[in-house]
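Welcome! Let us take a walk through a protein structure together, starting from its inside and moving along to a few well-placed residues.

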Amino acid sequence: MTIKLDTLQAALESVLGGQIVALKRELGEITITVAAKDYLAVAKLLRDHSELRFEQLIDLCGVDYSAYKDGAYEGARFAVVSHLLSINKNWRLRLKVFATDDDFPAVAAVTPIWNAANWFEREAFDMYGIIFEGHEDLRRILTDYGFIGHPMRKDFPVSGHVEMRYDPEQKRVIYQPVTIEPREITPRVIREDNYGGL
C-alpha cells in the first residue's frame, strides 16, 4: 500500500506542483487541499493527465468548520470535499477546497468535468449554502421550496420556528409557529423479580 501511495504522491506533486496548498497522508489515504482560484484547473488536470486519470467522482460534500476544534479553528469556514477514483490506476484521492468568503461561500462547479457532481453540488448548496459558480441548475434538492436557511450549518437553529403540515379541513399545506420546550429524558429502569433468572 505504501508503494502505491508513494507513486500517487509523487505523481500529484509532479503534475500539480505549486497548486497544492497542503498534502496530507493519513490512514492509507491522501488528501490534497487546493486554492479556490485553482480548483477547476486542478480538477481538470486530475481527470485528464495521463499520470493521474481520476475519471470518476465518487462523492462531493460540504463541510462547516465553524465548530471545529471546539471553536478554536480560525481558518475559512466552508469547504467542499470531493472523493475521486481512478479506475485506470486503481487509486483514490480526497480533494478539498475552502471557500474564500464565509458570508457568501462560493467555489467553481465541477459538473463540466464530472457529471456525477450535479446532485452532490445541489445538496451542498441546499444544506450548507455553498454556491457553485457555473452550475447549470443550482436549486434546492432536499428541503421545501420556501425553506429558509441551510440545515447543516452549525449555527442553524435545531428547535425550528415554523411547522409545515397538511390540514385536511382546509385541504392545503399550512405553516404555523412551533414551540419546542427543551426537556431532559431520563430512562426509567424497572426490574421484575427474578429478572434474568436471578
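What follows is a guided tour of this model, which is a predicted one.

A good place to begin is the nonpolar core. The largest one holds 38 residues, and within it Leu12, Ile32, Tyr39 and Leu46 touch the most other members. Many parts of the chain contribute: helices H1 (2–16), H2 (39–48) and H3 (117–128) each supply at least two residues, and so do strands E2 (29–34), E3 (56–64), E4 (78–86), E5 (91–98) and E6 (106–108). Helix H1 gives the most to this core, with six residues.

To get a feeling for the packing, put leucine 46 at the centre of your view. Setting aside residues up to four places away in sequence, leucine 46 touches Leu12, Leu16, Ile32, Leu52, Arg53, Phe54, Leu84, Leu93 and Leu95. Two of these partners, Leu12 and Ile32, are themselves listed with Leu46 among the core members that touch the most others.

Next, turn to helix H3. Its 12 residues reach 16 Å from the first C-alpha to the last, close to the 16 Å expected at 1.5 Å a residue. Its buried residues are Ala117, Glu121, Arg122, Ala124, Phe125, Asp126, Met127 and Tyr128. What covers them includes strands E3, E4 and E6, together with strand E7 (131–133). Arginine 122 lies over the face of tryptophan 119, at 6.0 Å from the ring centre. After the helix comes glycine 129, whose phi is positive, near 80°.

One residue of H3 deserves a longer stop: aspartate 126. Is aspartate 126 buried or exposed? With a relative accessible area of 0%, aspartate 126 counts as buried because that value is under 20%. What does its side chain meet there? A polar contact of 2.5 Å joins the side chains of aspartate 126 and arginine 140, and the aspartate 126 side chain also reaches the backbone nitrogen of isoleucine 141 at 3.1 Å. Beyond four places in sequence, the residues that aspartate 126 touches are Arg140, Ile141, Leu142, Thr143, Gly149, His150 and Pro151.

Just ahead of this helix, in the loop between E6 and H3, you will find alanine 109. Alanine 109 is buried too, at 2% relative accessibility. Leaving aside neighbours within four places, alanine 109 is in contact with Leu40, Glu121, Phe132, Glu133, Gly134 and His135. Glutamate 136 is 27 residues away from alanine 109 along the chain, yet their C-alpha atoms are separated by 9.0 Å.

Let us finish with the aromatic rings. A pair of rings is described by the distance of the centres and the angle of the planes. The count here comes to five aromatic pairs. One of them joins tyrosine 65 and phenylalanine 98 in a tilted arrangement, 5.4 Å centre to centre with 45° between the planes. This pair links distant parts of the chain, as tyrosine 65 sits in the loop between E3 and E4 and phenylalanine 98 in strand E5, 33 residues apart. Tyrosine 65 is buried, with a relative accessible area of 12%. Another pair, phenylalanine 147 and phenylalanine 156, is stacked, at 6.0 Å centre to centre and 25° between the planes. Phenylalanine 147 is partly exposed, with a relative accessible area of 30%, and phenylalanine 156 is partly exposed at 24%. Ring pairs also link Tyr65, Tyr68, Tyr73 and Phe98 into a cluster.

Terms used:
Residues numbered from 1 in each chain as written. Predicted model: local features only at pLDDT ≥ 70, side-chain atom pairs only at ≥ 80, totals over all residues. Heavy atoms only, no water. Core = buried A, V, L, I, M, F, W, Y, C linked by side-chain atoms within 4.5 Å. Buried < 20%, exposed > 50% of the residue type's maximum accessible area, 1.4 Å probe, protein only. Helix = DSSP H or I, 4+ residues; strand = E, 2+ residues; numbered from the N terminus. Contact = heavy atoms within 4.5 Å. Expected span 1.5 Å × (residues − 1). Phe/Tyr/Trp six-rings, centres within 6.5 Å; stacked < 30°, edge-to-face > 60°. Lys NZ or Arg CZ within 6 Å of the ring centre and 35° of its normal. Polar contact = N/O pair within 3.5 Å; in protein donor to acceptor, adjacent residues only side chain to side chain.
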